[in-house]
Amino acid sequence: MTSEAIVLAAVLTFSALGAAAAILLRDVLNAIIAFAAFSFGIATVWVLLAAPDVALTEAAVGAGITTVFFLVTIAKTVRPGGERLFERIEWRSVAVVAILSGALLATVGSLPAVGAADAPVATSPVTEYYLANAYSETGVENAVTAVLAAYRGFDTFGEATVVISAGVAVLLVLRQEAYV
Amino acid sequence: MSGTGSDGVYVESTIIMTTVRVIAPFVFTFGLFVMFHGAESAGGGFQGGVLVAAAVLLLAFAFGIDATRAWLAGPLTRTAIAGGGAAFALIGVGAIVLDGAFLEYVAYDVGSTGVKYGIELVELGIGAVVSGVLVGLFFSLASGDFTTSTGDAPDNERDAATPGGEEA
């Protein structure tokens, strides 16, 4: 194994442990902290897989803002009593999760290897066009930004519309007299 | 999240206040940097907007959620949401007016760097939308009047039914 693969395996193990802890821990506060650790691990995985834009989003949204929103929300909830550290396992839920995970894992075999040169996304003429022309046509050095804001700008406009609509809807539902 | 005491009243913490006073300006600046510099490096309007919102959330933890809400009172978040969306839409439609396609930055014809500046303006608009939505969402969740309707909530160590109760 190369040193990169070892680091990746270590971070993935950390993420898996964080996810397991988030599921199993009984106290919601503990589960939220474990979930933030899981998100941080996944963000590191994106960095290791050379996807810094996704990593930045995962770290800021998954590990940061979402955690804060969860914390603010559980402050309003009732903490269950009892001394148990772990949640009791519900075997029906385990069955559902196992079926879903199995269905997803069954597709992994048909995916190209990470970084494979003959992966469809690497050999697609669209990809080649972006990489060859993004800088000369838009003047931005980050090809991801060129695709998001220029070539696929209409899609991004749709995303911004979704954020606005969702935000306005939620703010109206949570409307306070003093604010919003 | 020790911004408030167990009785729901904000308690000052010198360590948290000092730390946030040092860190918050850098977080805010880094958020703007990620927004602007998304064209040259990783990042963009979405990530930068989240970071700017995170800076406001830091201030809320250190100096009290209600105090920060009062400081940001007024139509600031609404203006950010609507203004960011409008800027994006206007840049897109403006290109159509100038005989281009939607968001065809070349139609503005402002020199070789015009496309890049157009992209950065769009990123700024996205950042304003995202930070406005997140800050508004945070203050709406944190004020939490919507939980007090369950008047039969049992008393517990979290004092859950108190508006602006303990923040975990």
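**Salt bridges and the contact between two chains**

A good place to enter this structure is A:E87, a residue that is partly exposed, with a relative accessible area of 34%. The model in which this residue sits is a predicted one, and the values that follow were computed from it.

The partner of A:E87 is A:R26, and the two residues form a salt bridge in which the closest N and O atoms are 3.5 Å apart. This pair links distant parts of the chain, since A:R26 lies in the loop between α1 (3-24) and α2 (28-48) of chain A, whereas A:E87 lies in the loop between α3 and α4 (91-108) of chain A, 61 residues away in sequence. A:R26 is buried, with a relative accessible area of 19%, because buried here means under 20%, while A:E87, at 34%, is partly exposed.

The loop between α3 and α4 of chain A also holds A:G81, and this glycine is exposed, with a relative accessible area of 52%. A:G81 and A:D27 are separated by 54 residues in sequence, yet their C-alpha atoms are 9.3 Å apart in space.

For part of chain A there is also an annotation to consider: an unreviewed UniProt entry lists residues 14-77 of chain A as "domain: MrpA C-terminal/MbhD". In the model, residues 14-77 of chain A are 86% helix and 0% strand, and the C-alpha atoms at the two ends of this stretch are 29 Å apart.

Side chains of opposite charge can pair when their charged atoms come close. How many salt bridges are there over all chains? The count comes to 3 salt bridges, and among them are two pairs in chain B, taken up next.

In one of these, the side chains of B:K116 and B:E40 meet with an N to O distance of 2.6 Å. This pair, too, links distant parts of its chain, with B:K116 in helix α5 (residues 114-143) of chain B and B:E40 in the loop between α1 (14-37) and α2 (45-63) of chain B, 76 residues apart. B:K116 counts as partly exposed at 21% relative accessibility, and B:E40 likewise counts as partly exposed at 21%.

In another salt bridge of chain B, the side chains of B:D66 and B:R69 meet at 2.8 Å, N to O. Both residues lie in helix α3 (residues 65-71) of chain B, 3 residues apart, which is about one turn of the helix. B:D66 counts as exposed, at 56% relative accessibility, whereas B:R69 counts as buried, at 12%.

What remains is the place where the two chains meet. The contact takes 43 residues from chain A and 55 residues from chain B, and together the chains bury about 4,500 Å² between them, 73% of it on carbon and sulfur atoms. Between chain A and chain B the count is 0 salt bridges, but there are 6 residue pairs in polar contact, with both residues at pLDDT 80 or more.

Which elements of chain A give two or more residues to the side that touches chain B? They are α3 (52-74), α6 (125-138), α7 (143-151) and α8 (153-173) of chain A, and the largest share of this side, 13 residues, comes from α3(A). Sorted by class, the side of chain A that touches chain B has 26 nonpolar, 11 polar and 6 charged residues.

Conventions:
Residues numbered from 1 in each chain as written. Chains lettered and ligands numbered in written order. Predicted model: local features only at pLDDT ≥ 70, side-chain atom pairs only at ≥ 80, totals over all residues. Heavy atoms only, no water. Contact = heavy atoms within 4.5 Å. Buried area = accessible area lost by both parts, 1.4 Å probe. Salt bridge = Lys/Arg side-chain N within 4 Å of Asp/Glu carboxyl O. Polar contact = N/O pair within 3.5 Å; in protein donor to acceptor, adjacent residues only side chain to side chain. Helix = DSSP H or I, 4+ residues; strand = E, 2+ residues; numbered from the N terminus. Nonpolar A, V, L, I, M, F, W, Y, C, P; charged D, E, K, R; others polar. Buried < 20%, exposed > 50% of the residue type's maximum accessible area, 1.4 Å probe, protein only. UniProt positions renumbered as here; feature names shortened; annotations may be inferred.
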